[in-house]
Amino acid sequence: MSEPSATARERPVRRAALPVFVLALAASLAWLSAILLAPYLRSRGDAAASSFLYAVFAPVCHQIPSRSFFVRGFPLAVCARCLGIYAGALAGLLAYPFVRGFSRIGLPAGRLFLLLSLPISLDFAGGAFGLWSSPNGLRAATGFAWGLILPFYFVTGVVELVLWRSGRPLANRGEKT
Amino acid sequence: MNGSASTTDGRGPDYLVPALIAGAAAGVLSAVPLVNCLCCLWIIGGGVLAAYLLADRTPGSLTAGDGALVGALTGMAAAVVSSIIELPLRPFNEAFVRRLAAGLSRFTQQMPSQWRDLVERGNTPRVFSPGLFLLNLFITAAIFAALGVLGGVIGVSIFGRKKAPLPSPTRPTEPPQGPPPDGTV
């Protein structure tokens with residue numbers, strides 16, 4: 001039996017990758033919107049809705065006001081570093097189709113991950129050991145750099161899971177960015 | 001499951017034990033006051049730990065799908081552990097934020113009304129509600145599962161690739177030169 005052509009091998013990957021990408025993009029947009037919506041609703045006096053949104057983000061962030069950006073006088077639902085990570089993840093998702101495309105999946109190169117992890121690691125370590133206290137802008141910037149690469153792991157992992165579930169073969173696995 | 005790494009006895013890898021160990025660690029660390037300042041990174045770290053434990057128990061290489069699955073389970077386990085531990089620790093967490101906000105307010109002439117509102121929010125004792133607890137657990141599990149997937153796939157990219165065993169040499173080994181040590185022919 002002859003090997004399937006490259007296009008035939010890419011088709012199931014594209015069929016799985018596109019919905020995963022669209023769902024991840026929608027979830028990322030909703031997540032960031034909710035972060036901004038929490039202080040906005042509080043400023044409008046809608047305590048119940050804003051408290052619910054703050055509570056949703058409480059398990060994933062310390063929400064310390066001094067480490068958060070403010071909107072209309074109230075802190076965002078997550079700290080500056082977390083905001084940077086989530087904004088970076090959204091930017092990475094928007095770049096995903098141009099960098100990776102939908103016909104192949106693969107994990108980013110380890111060196112690229114280490115390179116983008118270095119700023120946030122140094123920033124956090126300096127703060128944890130009391131060497132310096134970064135301004136919120138720097139926390140957000142280092143978080144943004146790290147967040148950029150995360151969708152390339154997330155989408156790849158979820159697409160592989162979807163392909164397993166449907167019992168389809170994987171095409172072009174293990175390629176590096 | 002098709003496509004995943006397999007163990008030597010032909011069964012699929014055991015995702016549950018690494019997920020429970022890593023989930024318990026991540027759940028505890030994300031709930032304890034002061035230590036929880038690492039935010040979502042504890043859950044991502046838990047996913048990485050789960051992938052490491054899975055790679056340690058699995059002879060073959062792991063795929064990103066393996067990492068995603070073990071990471072999702074880790075996130076869910078972490079959500080359960082974190083939610084349970086957070087119940088008795090909640091007053092400490094709230095007191096910490098309250099002290100921080102009150103301390104910062106000393107640097108201003110007058111505490112802004114928004115800050116006062118935030119501090120007062122922390123002063124109001126909360127009543128435990130099973131319904132709210134379950135809702136919170138459900139939302140947290142969904143969020144932690146997504147973060148765990150991320151950690152699991154990152155972990156597989158670090159620990160999941162293993163070198164294939166070297167093939168046995170095809171060339172027959174040459175007999176030792178010279179007479180055997182005991183002198184027999």
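A helix axis here is a line fitted to the C-alpha atoms of the stretch in contact, and angles between axes run from 0 to 180 degrees between N-to-C directions. With that in hand, let's work through some exercises on this predicted model.

**Exercise 1. Describe how helices H2 and H5 of chain B cross.**

Step 1: Find the two helices. H2(B) covers residues 41-57, and H5(B) covers residues 130-159.

Step 2: Look at distance and angle. The two axes come within 6 Å and cross at roughly 45°.

Step 3: Classify the angle. Under 35 degrees would count as roughly parallel, and 65 to 115 as roughly perpendicular. The crossing angle therefore makes H2(B) oblique to H5(B).

Step 4: Add the handedness, which is right-handed for H2(B) and H5(B).

**Exercise 2. Work out which residues of H2(B) and H5(B) meet, and of what class they are.**

Step 1: Pick out the H2(B) side. Its contact residues include Ile43(B), Gly46(B), Gly47(B), Ala50(B) and Tyr52(B).

Step 2: Turn to the H5(B) side, where Phe144(B), Leu147(B), Gly151(B), Gly155(B) and Phe159(B) are among them.

Step 3: Sort by class. The contact has 14 nonpolar, seven polar and no charged residues. Remember that Gly counts as polar in this scheme.

**Exercise 3. Compare the settings of Gln63(A) and Arg72(A): is each one buried or exposed?**

Step 1: Note the backbone. Gln63(A) has a positive phi of about 60°, and Arg72(A) has a positive phi of about 50°. Gln63(A) is not a glycine, and neither is Arg72(A).

Step 2: Place them. Gln63(A) sits in the loop between helix H2 (47-57) and strand S1 (70-71) of chain A, while Arg72(A) is in the loop between S1 and strand S2 (74-75).

Step 3: Count neighbours. Gln63(A) has 22 C-beta neighbours inside 10 Å, so this residue counts as buried. Arg72(A) has 11 other C-beta atoms within 10 Å, and is therefore exposed.

**Exercise 4. Describe chain A as a whole, then follow Val159(A) into the nonpolar core.**

Step 1: List the elements. Chain A has six helices and two strands, in the order α-α-β-β-α-α-α-α.

Step 2: Check burial and contacts. Of its 177 residues, 41% are buried. Among chain A contacts between residues at least 6 apart in sequence, 76% join residues at least 24 apart.

Step 3: Go to the core. The largest nonpolar core has 83 residues, and Val159(A) is one of those with the most contacts inside it, as are Leu83(A) and Val149(B).

Step 4: Find its partners. Beyond neighbours within four places in sequence, Val159(A) is in contact with Val13(A), Ala16(A), Ala17(A), Val20(A) and Ile105(A).

Terms used. Residues numbered from 1 in each chain as written. Chains lettered and ligands numbered in written order. Predicted model: local features only at pLDDT ≥ 70, side-chain atom pairs only at ≥ 80, totals over all residues. Helix = DSSP H or I, 4+ residues; strand = E, 2+ residues; numbered from the N terminus. Parallel < 35°, antiparallel > 145°, perpendicular 65-115°, else oblique. Left-handed = near helix turned anticlockwise from the far one by under 90°. Contact = placed C-beta atoms within 7 Å. Buried ≥ 20, exposed ≤ 12 C-beta atoms within 10 Å, placed from the backbone. Core = buried A, V, L, I, M, F, W, Y, C linked by C-beta atoms within 7 Å.
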